[in-house]
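Please open the model in your viewer and keep the sequence panel beside it. The tour below suggests what to select at each stop and says what is found there.

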Amino acid sequence: MAYVTGTTGEWEMVIGLEVHAQVISNSKLFSGASTTFGAAPNAQVSTVDAAFPGMLPVLNEYCVEQAVRTGLGLKAQINMTSVFDRKNYFYADLPAGYQISQFTQPIVGKGEILLDLANGETRNVGITRLHLEQDAGKSMHDQSPNETYVDLNRCGVALMEIVSEPDMRSGEEAGAYLKKLRAILRYLGTCDGNMEEGSMRCDVNLSMRRKGDEKLGTRCEIKNVNSIKFVMQAIEYEAQRQVEVLEGGGRIEQETRLWDTGKGVTRSMRSKENAHDYRYFPDPDLLPLKLDPKMVERVKKTLPELPDEKKARFISEYGLKPYDASVLVAEKASADYFEKVAKGRDGKLAANWVTGELFGALNKMGKGIEDSPVSAEALGELVGLISDQTISGRIAKDVFEEMLKSGKSAATIVEEKGLKQVTDTGAIEKAIDEILAKNADKVAEYKSGKDKLFGFFVGQVMKSTGGKANPAMLNDLLKKKLA
Amino acid sequence: MTKLTDLTITEALQGLKAKKFSAVELADAHIAAVETKEARGTKAFVTETPDVARRQAQTSDARRAAGNEGVLDGIPIAIKDLFCTKGIRTTASSAILKNFVPTYESTVTQKLADAGAVTLGKVCHDEFGFGGANINTPFGPVVNPWSGKDPANAARKLVPGGSSGGSAAAVAARLAMAATGTDTGGSSRQPASFSGVVGMKPTYGRCSRWGIIAFASSLDQAGVLTRSVADTALMLRVMAGFDEKDSTSVDRPVPDYAKALGKSVKGLKIGVPREYRIEGMNPEVDALWQKSAAMLRDAGAEAVEISLPHTKYALPVYYIIAPAEASSNLARYDGVRYGARVKGETLDEMYENTRAAGFTKEARRRILIGTYVLSAGYYDAYYRKAQRVRRLIRNDFLEAFKKCDAILTPVSPGTAFAIGEKQDDPLQMYLEDVYTVTLNLAGLPGICVPVGLAKNGLPMGMQLIGRAFDEETLFTAASALEKAAGFTAKPPFTA
């Protein structure tokens with residue numbers, strides 16, 4: 001747990017996150033308009049979305065299923081009855097003058113998320129609730145000097161608002177929470193998790209208290225922070241700011257703040273006095289939502305293996321270390337890639353190659369695993385060649401480099417370049433004899449106790465065999481010769 | 001021969017079938033009636049659509065010639081201007097929508113068009129349904145065709161009731177054979193009573209609200225006004241039905257209501273609620289109420305006293321829930337996407353200017369009341385409590401219907417009053433709804449049948465209330481009452 005050290009002592013952060021996750025669905029939450037991203041402005045707007053007179057919302061069942069799927073993925077309580085409410089406020093990109101949301105009776109109740117921290121530890125963060133609501137449109141203030149343009153394409157798209165308990169104590173934990181939540185949503189296929197495109201957005205609630213205090217301090221809400229990195233930065237900044245205010249004898253006012261990406265600071269947006277009175281009340285156009293238990297059962301049965309289960313399985317099935325396993329399951333694509341590499345082969349070795357060489361190379365190229373120039377099958381073949389001792393691990397690195405460059409298979413490269421490991425005892429012995437003969441003085445030194453020279457001999461033999469000598473056999477034979 | 005405009009729908013359908021006249025002739029007679037100076041003087045119509053009517057009448061004649069006619073083929077009707085009509089201006093009788101032309105047709109008006117009804121135009125009402133006198137609109141005030149009948153008010157024009165005042169006036173004055181209404185707290189029944197016509201509000205969920213401009217979504221229902229119970233049955237059969245576009249519409253088959261007409265009421269128990277005899281009640285209304293009960297008794301029904309103990313809370317509950325929902329439903333009229341816009345320096349200023357200019361005082365009053373009762377700190381005391389009392393009111397009816405099959409009550413505390421009267425006292429005006437709002441709160445069907453004239457020569461109707469989705473019993477009782485009352489009086493002005 002990270003504390004903020006002020007001038008008068010240590011302070012603890014108390015962080016809760018509200019995530020708005022855009023639901024993957026073909027049409028909007030209450031209309032048949034399409035949800036495809038990137039269409040021409042106002043090309044995907046129905047008369048319901050634009051709140052024309054006499055239009056009525058009709059709930060999209062698929063969005064409900066997606067919310068249930070997400071709730072089950074978060075091991076949360078599914079509320080068989082929930083209610084849609086109107087949240088009333090005026091804004092140009094909110095056509096009806098109210099957003100249909102869920103206030104007192106959300107579709108999903110308490111759940112939890114297990115965070116995987118960098119030190120290999122895990123930590124539980126409570127989920128307070130998940131509710132369904134409509135997204136608003138977009139106001140564009142930069143298209144004309146004295147007019148605001150409104151694009152309603154996003155208006156009415158289904159969002160899941162996922163609210164955490166104030167269980168996080170550092171920016172790092174908040175980052176881990178968002179990564180884990182995003183992974184779960186992507187595994188489930190309920191949200192694509194692209195924070196840059198705005199399909200996942202985060203509001204941060206943060207308060208500070210003295211280390212050891214039980215009582216919560218006054219919190220500030222930081223709105224719409226659009227990347228995990230910025231969330232972590234905003235938390236660090238805001239924590240420092242609050243500590244400075246509190247240690248300077250000031251009070252934190254409950255308010256909404258905005259993260260300024262350019263300046264790296266949070267700014268006051270509106271105070272509690274100016275907070276909206278949303279006048280929530282049950283939407284009389286919609287009946288209470290009663291879930292069909294059969295639907296919930298069906299969704300439960302088709303739930304994919306989620307990151308935590310996959311991690312546990314990777315540990316037990318492939319003997320991976322918890323940290324490696326959590327790195328692999330963080331993205332479903334990585335986990336799938338790994339499993340193809342590992343299938344019928346040495347799992348640990350496969351994990352090392354995927355998280356080490358492959359991720360390193362992809363990082364350098366700035367590519368994701370989906371665009372890897374080396375397919376999982378190709379890497380699997382390489383791992384196989386190491387396991388069956390056709391090549392050594394060291395040679396394999398060269399082969400991998402060549403695979404990245406040429407796209408040729410490992411076997412082809414090994415064949416073409418004659419990189420097959422020497423496993424013939426006679427040949428290795430011959431090479432050892434030559435080296436030992438050439439370095440009689442060093443042999444004498446070794447025998448008088450300078451053990452470190454063993455490595456020197458290994459290196460020399462390797463060099464003379466072009467790196468192809470089987471390392472284990474070389475070690476054994478060399479030990480015997482020097483005994 | 002009777003004037004074409006004097007026919008009931010039932011009679012007109014027989015005439016069309018017998019080729020006594022064509023749909024075009026029927027439409028032309030009505031168009032001519034609508035276009036007279038006197039008719040226009042009533043301000044019943046906000047938008048006349050003679051071209052649409054003629055075109056529809058022509059296709060109607062063609063359909064009839066081919067033997068493909070619908071249930072209402074060739075019947076000229078008026079549409080309350082809260083129903084969105086594709087390509088025809090739909091104003092909600094509000095300045096804020098004065099130039100609004102929908103690109104879609106409401107489900108109910110589509111069903112009527114599909115059945116062959118001919119649209120004469122859009123009729124006036126209180127803006128968004130806010131009122132009981134049809135004076136709260138820049139397109140009014142609508143004048144009751146019974147004006148001049150009351151000697152005390154001989155020189156003054158009378159209100160037609162509201163909000164569906166234009167519908168009632170058009171039907172009473174023989175400008176249209178029927179009109180759609182809407183009914184949130186009595187808007188189809190009270191103007192029917194003031195204008196001597198039949199007005200009905202079906203069960204909540206019976207007709208689709210899709211395409212009807214919303215006032216208070218949990219109370220709004222389509223309504224219908226005609227000159228006979230049989231005509232109402234014909235109209236409702238077409239208008240009713242499940243619509244997947246309205247989540248609050250109910251998926252139940254629509255019976256042929258005409259079959260319920262003229263059935264014996266023998267053994268039918270008619271409840272008379274003792275709480276509806278309110279203090280200061282017009283003795284004439286009371287007398288007519290007793291007389292109506294007696295007429296039903298004479299027809300074989302049994303009158304039983306019932307109790308609806310929470311009645312006294314209905315009006316306050318209604319005037320919390322209805323404005324609350326209205327304040328939210330009207331938020332969309334902001335000048336941003338459609339409708340009138342009055343510019344401002346900032347977005348908030350544009351909202352203020354637009355809504356100040358676009359809404360009548362009554363609309364602004366209801367938005368303020370609604371906003372207040374939903375506000376933080378007041379929600380529990382007002383809105384939540386009102387919803388709880390609403391449940392009790394509904395339970396009252398459920399209890400009562402264990403003892404009776406329909407309930408007989410007055411529609412309004414009095415007869416049509418003069419334009420300008422009660423106008424400065426919103427509370428007095430709200431009292432107009434005292435007998436009608438309970439049904440909307442309970443979601444039940446009700447029908448107003450004209451039963452007689454008061455001493456001042458003005459019509460009065462009585463209300464029958466039925467069980468949810470039991471419009472059939474209502475039609476049986478209403479047709480018996482209609483027959484017994486034999487109301488044939490006509491207003492001084494008719495086409």
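**Starting inside chain B**

Select B:L464 in this predicted model and display the residues around it: setting aside neighbours within four places in sequence, B:L464 is in contact with B:A406, B:I407, B:L408, B:G446, B:I447, B:V449, B:L474, B:A477, B:A478 and B:L481. Next, widen the selection to the largest nonpolar core, which has 233 residues and in which A:V204, B:I77, B:A178, B:L464 and B:A477 are those with the most contacts. Apart from this core lies another, of 35 residues, and to find it you can select A:Y318, A:A335, A:I391 and A:L419, which are among its members.

**Chain B as a whole**

Now show chain B alone, as a cartoon, where the secondary structure comes to 16 helices and 11 strands. Turned along its principal axes, chain B has C-alpha atoms that fill a box of roughly 65 × 50 × 50 Å. The radius of gyration of chain B is 21 Å, which agrees with the value near 23 Å that a compact globule of 495 residues would have. Of those 495 residues, 61% count as buried, and among the contacts in chain B between residues at least 6 apart in sequence, 78% join residues at least 24 apart. If you colour by confidence, the mean pLDDT of chain B is 96, with 100% of its residues at 70 or more, while the model scores ipTM 0.96 and pTM 0.92.

**Where the chains meet**

Bring chain A back and select the interface, where 25 residues of chain A are in contact with 36 residues of chain B. On the chain A side, these residues divide into 17 nonpolar, four polar and four charged.

**The domains of chain A**

Colour chain A by domain, using 3-299 for domain 1, 305-417 for domain 2 and 425-482 for domain 3. The centres of domain 1 and domain 2 of chain A, taken over C-alpha atoms, are separated by 36 Å, and 10 residues of domain 1 are in contact with nine residues of domain 2. On the domain 1 side of this contact, select β6 (111-116) and α2 (171-188) of chain A, the elements that give two or more residues to it; α2(A) gives the most, with six residues. That side of domain 1 divides into four nonpolar, two polar and four charged residues.

**A last stop: α13 of chain A**

Finally, select residues 440-447 of chain A, which form helix α13: is this helix well covered or hardly covered? Helix α13 of chain A is hardly covered, since the count of buried residues among its eight residues is zero. Following α13(A) is A:G449, whose phi is positive, near 120°.

How values were computed:
Residues numbered from 1 in each chain as written. Chains lettered and ligands numbered in written order. Predicted model: local features only at pLDDT ≥ 70, side-chain atom pairs only at ≥ 80, totals over all residues. Contact = placed C-beta atoms within 7 Å. Nonpolar A, V, L, I, M, F, W, Y, C, P; charged D, E, K, R; others polar. Core = buried A, V, L, I, M, F, W, Y, C linked by C-beta atoms within 7 Å. Buried ≥ 20, exposed ≤ 12 C-beta atoms within 10 Å, placed from the backbone. pLDDT = per-residue confidence, 0-100. Domains from an automatic or database assignment. Helix = DSSP H or I, 4+ residues; strand = E, 2+ residues; numbered from the N terminus. Rg over C-alpha atoms; globule rule 2.2 N^0.38 Å.
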